[in-house]
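Reader: I would like a close look at one part of this model, the aromatic residues. Please take that part slowly, and then place it among its surroundings.

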Amino acid sequence: MTQALLLGMAAAYGIAIPVGPIAVLILRTGVSRGLRAAAAAGAGAATADLIFATSAMVFGAAVSGFLAPALPVLRIVAAAALAVIAIRGLLAAPQPIERQSGGPGTGNTYLMFLGLTMLNPPTVIYFVSLVLALPEVSADLATRAAFVVGAFLASLSWQEVLALAGAMLHGRLTPRLQRITAVISSIIILALAARIALG
C-alpha cells in the first residue's frame, strides 16, 4: 500500500510540475489577488487531478477509450478558454497596490480552476496508462485508494506551493511591474493555448 501511495505521488508530481497554463494562472492569481484566492485555485486544480486519478483507478482503459474521440474538441474548448483568460489579462488595468481583494470569490475561483483543469483529459489518459503499466497499483481496493490519495496529496501540495509563490508578490509589485507580469503571463498562456489547440 505504501508503494502505491508513493507511486501516486510520483505520478501526480510528474504531471503537475512541468509549467503549463494552469500553473501560470495559479501564480498570476496569487500575484493579483493574494494567497486565499490562489489557494482556492490550486485546490480546484488538485481536485480535478483527484477526479482523473479516481476515474483511472475505477474505470481504467474504458475511460481512455471513451475520451479519445472527444480529445480534438476538448483541446479546442480548452485552448479557447485559456485564450480568453489571456486576452482579458492583457487588457486589464493593474489594480492599486492597496487593494487586497477583488475578482470572483474563492468558491467561484475554485470552480473555475476545477473546470479549466477538467478540460485537460489527457491527464486521465496519463493516469490510465500508469495503471495499465503498473498492475500492482490496481491489485485491490486498498492499493487503488492509496494511489489516488498519493496523487491528490502530491498535486495539492504542488498547486499550493505555486499559490504561495504567487501570493508572496501580492501587494509588493508596483502598477508597472503588475502590468509587466500580466503581459508576460498572458503571452505564455496564449502560447500554451496555441500548443494545446494544435495538439
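Author: What follows starts with the aromatic residues and then moves outward to the rest of the chain.

The model is predicted. Its aromatic pairs come to two. Tyrosine 126 and phenylalanine 127 make one of them. Their ring centres are 5.5 Å apart, and the planes meet at 65°. An angle over 60 degrees counts as edge-to-face, and this pair is edge-to-face.

How exposed are these two neighbours? Tyrosine 126 has 27% relative accessibility and counts as partly exposed. The cut-off for buried is under 20%. Phenylalanine 127 has a relative accessible area of 0%, so this residue is buried.

Phenylalanine 127 also pairs with phenylalanine 147. Here the centres are 6.2 Å apart. The planes stand at 90°, again edge-to-face. Both phenylalanines, 127 and 147, are buried.

Which helices does this pair join? Phenylalanine 127 sits in helix H7, residues 122-133. Phenylalanine 147 sits in helix H8, residues 141-167. The two residues are 20 apart in sequence, so their contact ties together separate parts of the chain. Tyr126, Phe127 and Phe147 thus belong to one aromatic cluster.

Next comes the nonpolar core. In soluble globular proteins, nonpolar side chains tend to be buried together. The largest nonpolar core in this model has 18 residues. Ile22, Leu25, Ile26, Leu82, Phe113, Leu116 and Ile189 have the most contacts inside it. Helices H2, H3, H5, H6, H8 and H9 each supply at least two residues of this core. H2 covers residues 21-33, H5 covers 71-91 and H6 covers 106-118. H2 gives the most, with five residues. H8 thus contributes to this core and also carries phenylalanine 147 of the aromatic cluster.

H9 contributes to the core as well. A nonpolar surface patch also draws on Leu177, Ile180, Ile184 and Ile188. The patch is about 310 Å². Leucine 177 is in H9, which spans residues 175-197. This leucine has a relative accessible area of 39%, so it is partly exposed. The general geometry of a helix is useful here. An α-helix has 3.6 residues a turn, so residues three or four places apart point the same way.

H3, another contributor to the core, spans residues 35-59. What length should its 25 residues have? At 1.5 Å a residue they should span 36 Å. The end C-alpha atoms of H3 are 35 Å apart, which agrees. Glycine 60 follows H3 and has a positive phi, near 55°.

Alanine 62 is found in helix H4, residues 61-67. At 52% relative accessibility, alanine 62 counts as exposed. Its C-alpha atom is separated by 9.1 Å from that of valine 128, although the two are 66 residues apart along the chain.

Two further residues fill in the picture. Glycine 14 lies in helix H1, residues 2-16. With a relative accessible area of 42%, glycine 14 is partly exposed. Glycine 14 and alanine 154 are 140 residues apart along the chain, yet their C-alpha atoms are separated by 9.6 Å.

Leucine 111 is in H6. At 52% relative accessibility, leucine 111 counts as exposed. From leucine 91 it is 20 residues away in sequence and 23 Å away in space, C-alpha to C-alpha.

Terms used. Residues numbered from 1 in each chain as written. Predicted model: local features only at pLDDT ≥ 70, side-chain atom pairs only at ≥ 80, totals over all residues. Heavy atoms only, no water. Phe/Tyr/Trp six-rings, centres within 6.5 Å; stacked < 30°, edge-to-face > 60°. Buried < 20%, exposed > 50% of the residue type's maximum accessible area, 1.4 Å probe, protein only. Helix = DSSP H or I, 4+ residues; strand = E, 2+ residues; numbered from the N terminus. Patch = residues over 30% accessible without salt bridge, like charges linked within 9 Å, V, L, I, M, F, W, Y side chains within 5 Å. Areas by Shrake-Rupley, 256 points an atom, 1.4 Å probe, with all protein chains shown as cover. Salt bridge = Lys/Arg side-chain N within 4 Å of Asp/Glu carboxyl O. Expected span 1.5 Å × (residues − 1). Core = buried A, V, L, I, M, F, W, Y, C linked by side-chain atoms within 4.5 Å.
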